[in-house]
Each structure stands twice: as structure tokens, then as C-alpha cells.
Amino acid sequence: MDTASSPSGSKPQNPAPASNGAAAPEAREGLRPAELRKSFVEHVEYSRGTSYDLATAYDKFQALAYTVRDRLARTWVATQRRYNAANAKRAYYLSAEYLLGRAMGNNLINLGLYDAANEALREVGVDLSALLEMEPDAGLGNGGLGRLAACFLDSLATLGMPGMGYGIRYEFGIFTQQIINGHQVERADEWLRFGNPWEIARPDRVVPVRFYGSVEQYQAPDGRRASRWVGGKTVLGVPYDTPIAGFGGRTVNTLRLWSARASAEFDFALFNDGDYERSVVEKNDSEVISKVLYPNDQNQAGRELRLKQEYFFVACSIADVMRRYVRRSSDLMQLPTKVAIQLNDTHPAIAVAELMRVLVDEKKVPWEEAWAICVPTFGYTNHTLLAEALEKWPVPLFEQLLPRHLQIIYEINHRFLRQVQIAFPFDAEKMGRMSLVEEGKEKFVRMAHVAVVGSHSVNGVAALHTDLLKRDVLPEFAQMFPERFNNKTNGVTPRRWLLACNPRLSKVITSAIGDKWVTDLEQLRGLERFAGDAEFVRQFAEAKKANKAELAAHLRDVAWLNIDPHAVFDVQVKRLHEYKRQLLNALHIVHLWVHARKEGKPVKVPRAFIFGAKSAPGYKMAKLIIRLINGIGEVVNSDSSRTGLQVAFVPNYRVSLAERIIPAADVSEQISTAGMEASGTGNMKFAMNGALTVGTLDGANIEIRQLVGHENFFLFGLTADEVLARKREGYRGRQIYESNVAVRDVIDLISSGFFSPEDRDLFKPLVDSLLDEDRYLVLADFDAYLKAQASVADTYANPEVWWKKSILNVARVGWFSSDRTIAEYAKEIWGISSVP
């Protein structure tokens, strides 16, 4: 696929629009450049209400978006008709995050319209690439969890499978990151400031959601004791639908996001009395639910808001799923044969209790039958091995906010623990460990346990992750329900993460093996025979070099960073968390700098270390690591000509930046502490674009190394079992510090305030954490990491060897397509199939 062309330089034309607002069918659906041009110009006038010669760049962006959406709409409607006609079982994906990135370029590519749109716009003096840059990233996610969900939606549509995503329409997303004096500063991410041309509001499908209140007991007509949730406050969920196009444009599925709105928008009496603030209190209290992704939960108000968010989107989604089902069938016992609901981590786990509430309280289904409907309907994907990331909610908060759901969870727990007691009659402690409610000074509802007990399938997202999930995190549940546990290794969509983001490499690949790889990534295996072909290697290397030059120019323009495009681009871009060990990377840079200065000569090959990461606003240690990286960068970049080293921390990392950085990377840093990363998907994207991995035996790194070849992967570090053994032995980082001169030089330089002259004790918490505990074994793996990095430099110095390894990485990562992952979910968990 060719990159977008620049405008021709001729004076922009001012084409005459159609004589009336009724667009001819070809204007709405035509795929040729002339038809696209006509539709585009008409949308400038009829949708934006301005003449073409007065239209702003934003008017033209919106007009192009509407032009593309027109072409999505017919297939969008036809897709739903197709599913309905087939009476197909559908999968509903519940996720707190969808890290979609920009939609325009992706939709043009999936519809096969990129080149036609480029030509159409060029004819009216518009640069397509400039319009693409105007689109903000959708602020609906933070990290790998949300990006995985987005890849899954792409694959569901590409495979023609009846699936739908549900989530929250966050008004401000996570946050926009600025770096001021080396520190992360959060600003509101106003991604919806100018609206979202891709979404369609459905206010006629609004769903009321109750909070607080109380539970009444009453006697049902059949004599059974029943409950109903009454009182409290009601918030309205307004759905916004976004079309998700599959590659080839034959299927367009739906992502439905819920926005919170007050049931009573405005108290007119209070306003007339002059109490203007109180007149909108309820409106503000309600609508804050969908304002921000992951509000800071370090305080009571933040915790309550997060639980409200989770229940809000789950209640709206379950109501919508049930509405869709009962429209076609009144037999609720058959619900699992037509509905599969996947819980993407623990955030939507309250769905188990909500479906039970709907079935028992609203549909009057007896408890045993309701439970028999519930379990085969749900599947649960676990995404973490960290105990602190498995959500738990204080019982008092749960009882205040969702009193009926707490009763339901207690009832589920009572019945479940009886099963446990019968299965393990002589192990009272096991009951405590497996209970849905954690007892102690403060009681908590364990949401992961709720999800496991209420689902027929529990999957991990990489082979090691699933093994550790069964062995260390949920061992009793795996013992009791072995048939429920399974692995579904993550994947990424090759449409966005190779075809769209790396058109140069895509063109080289297609010229060698054809274009079937776009929907069958295993076809990349055909590249193996070209790994020694001089002409192919030259084209492959030229594509990488051009991507590096382009990234260097971009960083110079937008971040005032001057990066040498001839250096090794050593990249670590991901969410900032201590277990991901950006700190280990930073310590290595300090070591290289110290060594180069002492030796008086530059490193063997020039190195540019590129970071991109956001820290949670309340995560102090992670924010301190960001400050350290920027402090190191300030020093290293000041004398890069002497050392051959550069450091770039790219602010506000997001999907659109990843699409620039990943194709340019030479080295992919996947250096988490073994046994702590569930899977990772960045590792797959980098390998798919020809970067060589420096990594531990963690998450999907293990499977990547197996497939690309051990010799094409720079392995280092302790294994997961060795990490556990070291901790049991009482490991402390000080042991390494006292015995390793290289470690001591690095730590002492940081401790001295060399990288923070304005506050010499700034990094004391980091140093103390490393020496007193080193929870993530940064210092334990330091020596092994240095050796792996030395091997990187030696290999890069031999271009013939390097490019062969790079090509073989691309050739052997076909298994990591999200198409393969979704096909496994569909067959083995959801029981759905493609609808032709």
C-alpha cells in the first residue's frame, strides 16, 4: 500500500455541490475516486453547513469522516440483517477499555478505499495525510487490556463473526501526559472536544441504572419468598454506537459505549430561587460516572466512583443483551445457546450478579434455573498475576451502593461453599481461601472469585500465565473446576499493526509473497526463503531505515528531540509499572554512560533509547521512574557526541505514536520480572515489524522465542520459578549492591543527586526500594541484562546477521494474529461461527 500523497501544489478547486440535499445512491456508496470526491464536497456543504472555499481543515476532516461512514452504513445494516436471518449465536465482549486509536486510516484500509480517497482528495487540493493527523486518539483505554479488546473487535469483524463490544464512552479518557521539568503532569484528554464523527447516539435505547436504595422482601404469587431493589438514585445510560469494519468491508460490527446522564437534568425551582449550583448537582453527580477512565482510587470517593463505573456499564450492557434476546425468544433457558458474554478481566465481573438479579428478580426465574442459565453464558479472561490487581471491594461500600447485588453474592457464596465443603470435607482453610468474601478486620468482595464461580470458562492469555494462574493465583479453583481453565494466547491485528502502520514493509512483503498474509498471517512463513536473498534484504533494510528517519523527524518536530537515525533504536513503550522494569533499562543506560566516560570513547554502536509510558496519577514510584529517565536523558543527551548514547522520553504515549515508533524500532524491550506479565502484545507488534526482542521468560515472550527461534531472541534473567526461589531465600537488592561494582557505581551516582541537582534526595525512595527489598529483582537480573545488551551491540555491528534475524522474526510471528486468538475463543468458549 502506498503512503498518502502530498497535494499537487495546484490551486484548490471549488467544485460545485449537488443541487439539493438528497444524495444519489452512488454518492453515498460509490467507491471510485470521482464518487468519493462528490460525496466529500457535498458533506462539506450539507453536513458542515459551509461553502467549500470557506471550509476549514476541520470541516474537511469531518466531511471525509462522514463520506467514509456513509460507505460503512449500508454494510453495517446488512450485517445485522445477516445475523438476524441466520438466528446466529452472538458474543458480547464486556471491557472497561477499548484502546482504538484513530479510526479514519483504519477504516479506509479495511474498506479498500485508501488509494481512491487519496486520489479523490488530491483532485480538490487536499492532503489526505494531513487530515489523518487531525484525528485525536479515542480516549477509551490505557494499556494492553484496551488495545487487545480493539484488536479482538477488528478480528471478529474480519472473520465475519457475530460479536459486539460494550464499554464506557469516557468523556476525557485517561489523561494527556505532559513532561514538565522531567515530571509527569496530567491534563484532561479532551478527545471529544469537537465531537466524534464515527459514533451514532441512540437516546431512544436509554437504560435506567439504579444505585443505593434498599431491598424489600415480599411473597411472590407462587408463595416463594422474593426480593426487590427499591429507592435510591437512578442514572440513565445513553448508548453510542461505533461501526467496526472488518478487512474487505464485508462485515461491520458494533461497539456500543454507554454515557451517563442524569434522570433529572435540572431542578428548575432551585434555579429560580437563585441556588444555581444545587440546581445541577444531580446532573453533575450522575454524569461524572462516564467522565474519566480509572479515576484515582486512593480515596473513598474515587473507589466509589470506580465501582459505580463498573456497575453502570455492566447493567446497561446486560439490559441491552436481554432486550435483544427476548425480542426473538421468550425461552430464557435457551439464553446460553444464543448469547455468550466474555468478561475482559475483573472490571465487569459484577455482571454475574447482575444477570442473576435480572433473571431472579425481574424475570421471576427460580434460583437454580437462573444459575443454570448464568454459568454457561459467561466466560472470564484473567489478565494479571499480581494480587493487588485482582479487584476487591469493601463490603460496606458494596452494601451501600449495590445492596441487592451483595445479597446475591452472599447467596452464590453460601451455595458454592457448600459445594467446596462436600468436595474437600476436611479442609476448612480451603473454604476461606475460596470464599467470594474475604473475611478479616475489613471484609472484601473478591471479584475474581465471583467471575470464576459464575463462568463456564476461565482463560489466561499466554501459556506461562495460564500455568501460573492455575498453580499460584487460583489453585483451589483449578483443582475444583479443571475443565473450566484454558489458555488463549493473545494476538494482534496485522491490519493495524503491519499493513496500516508500516506501509513500506508491507509493500516489501507483498512484493515477495503476495497479499494473502493480511488475513492469513501464517503466510509470512514464505519470507523465510528470502532471509538470504540480497535484494530482498536490501529492500527490507531500506524500509526500516526510512521508518527510523521518519520517526526521528517526527520527534524533532513535535517533541524537540534530536535522535540520530543511524543509531540502534532501542525501544520500551508500555504502561509504566515497576514490574515492567523501565528502571532496569534506565540503570543500564547509566552504566553505559559511566563506562563510556571512564573509557573516554563511545559505545560500540550508537544507541538511542526511546521510552514512552504513562503512570497512573497516584502511583508515586512509577512517576519517580519517569523523572529519573528524564534526568538521565538530560545528562546523556548533553554529551552524546562523546558517548554515542541518546535518551528520548516521548510524552503522551498512545496508539497513534505507537504506529510511528514500532515500525522504526530495532530492539524491543520486553524485560518484565518473570512470572508477572500476563502476556503482553507489544512484544508481538515489535517482532511483526522486524525488531529483535531483549526479554525474559515471561508472558508471551516464551512463545515468541519458541516460534522465531532461540537464536533470534536475546534472552536474559531469572525464570519465574527462580524468582520465587530467590524471594523465599530472603533476597534483598543490597546483596547485589555490595558484591557488584557496576551496580554500585550506578546506584551511587543516582544516590548522589547527579541526575536531580535541584533535589539530591529526589530518588532516595527508588534507591531505598532497590536496596531494602528489590521486589521486582531489578538488581538480581542486572548482570544478565548487561550481557544480553552487549550481545545486541555485537550483532548489530554485523548487518548481514542482524537483518537475517530481523527477517526471520517477521516470518515466524504469524501465529500471533488476533484472528487466530478469536477463532479459538469462538470455537472453544463462545460456540459461535462466521455468518457468510
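**Close-up 1. Lysines over phenylalanine rings in the predicted model.** Lys-614 lies over the face of Phe-175, 5.2 Å from the ring centre. The model shown here and in the other views is predicted. A second case involves Lys-430, which sits over the face of Phe-424. There the distance to the ring centre is 4.5 Å.

**Close-up 2. An aromatic pair between Phe-211 and Tyr-311.** The structure holds 20 aromatic pairs. In this one, Phe-211 and Tyr-311 meet edge-to-face. Their centres are 5.8 Å apart, and the planes make an angle of 80°. The pair links distant parts of the chain, with the two positions 100 residues apart in numbering. Phe-211 belongs to strand E6 (residues 207-211), and Tyr-311 to helix H11 (residues 300-326). Phe-211 and Tyr-311 are both buried. Elsewhere, Tyr-93, Phe-152, Tyr-825 and Trp-830 form one aromatic cluster.

**Close-up 3. Tyr-212 and the hairpin of E7 and E8.** Tyr-212 is in the loop between E6 and strand E7 (214-219). Its phi is near 65°, a positive value in a residue other than glycine. Tyr-212 has a relative accessible area of 17%. The cut-off for buried is under 20%, so Tyr-212 counts as buried. E7 then pairs with strand E8 (residues 225-230). The two strands run in the antiparallel sense, over six bridges. Gln-219 stands opposite Arg-225 of E8. Five residues separate the strands of this hairpin, and Gly-223 takes a positive phi near 95°.

**Close-up 4. Asn-181 in an exposed position.** The residue is found in the loop between strand E3 (176-180) and strand E4 (183-187). Asn-181 is not a glycine, yet has a positive phi of about 55°. Its relative accessible area is 67%. The cut-off for exposed is over 50%, so Asn-181 counts as exposed.

**Close-up 5. Strand E18, buried on both faces.** E18 covers residues 568-573, and six of the six are buried. The strand is therefore largely enclosed by the rest of the structure. One side carries Val-568, Asp-570 and Gln-572. The other side carries Phe-569, Val-571 and Val-573. Six bridges join E18 to strand E19 (residues 607-612), and the two run parallel. Val-571 stands opposite Ile-610 of E19.

**Close-up 6. A three-stranded open sheet.** The strand order is E13-E15-E14, with antiparallel pairing. Strand E13 (392-394) and strand E14 (437-438) stand at the edges. Each has a single partner strand, so one side of each is left without a neighbour in the sheet. Three bridges join E13 to strand E15 (residues 444-446). Pro-394 has Phe-444 of E15 as its bridge partner.

**Close-up 7. Ser-455, buried in a loop.** Ser-455 lies between helix H18 (447-453) and strand E16 (457-460). Its relative accessible area is 0%. A polar atom of the Ser-455 side chain lies 2.7 Å from the backbone oxygen of Ala-451. Leaving out residues up to four places away in sequence, Ser-455 touches Leu-343, Val-375, Phe-378, Gly-379, Tyr-380 and Arg-484.

**Close-up 8. Thr-795 in helix H34.** The helix spans residues 782-796. Thr-795 is buried, with a relative accessible area of 11%. Its side chain reaches the backbone oxygen of Ser-791 at 2.8 Å. Apart from neighbours within four places in sequence, Thr-795 is in contact with Phe-714, Val-801, Trp-802 and Lys-805.

**Close-up 9. The largest nonpolar core and Met-104.** This core has 163 residues. The members that touch the most others are Phe-40, Met-104, Leu-587, Ile-632, Val-694, Phe-755 and Leu-779. Beyond residues up to four places away in sequence, Met-104 touches Phe-61, Leu-64, Ala-65, Val-68, Leu-132, Glu-135 and Trp-198. Another core, of 114 residues, lies apart from the largest one. Ile-289, Val-352, Leu-355 and Val-420 are among its members.

How values were computed
Residues numbered from 1 in each chain as written. Predicted model: local features only at pLDDT ≥ 70, side-chain atom pairs only at ≥ 80, totals over all residues. Heavy atoms only, no water. Core = buried A, V, L, I, M, F, W, Y, C linked by side-chain atoms within 4.5 Å. Buried < 20%, exposed > 50% of the residue type's maximum accessible area, 1.4 Å probe, protein only. Contact = heavy atoms within 4.5 Å. Pairing = 2+ DSSP bridges. Helix = DSSP H or I, 4+ residues; strand = E, 2+ residues; numbered from the N terminus. Phe/Tyr/Trp six-rings, centres within 6.5 Å; stacked < 30°, edge-to-face > 60°. Lys NZ or Arg CZ within 6 Å of the ring centre and 35° of its normal. Polar contact = N/O pair within 3.5 Å; in protein donor to acceptor, adjacent residues only side chain to side chain.
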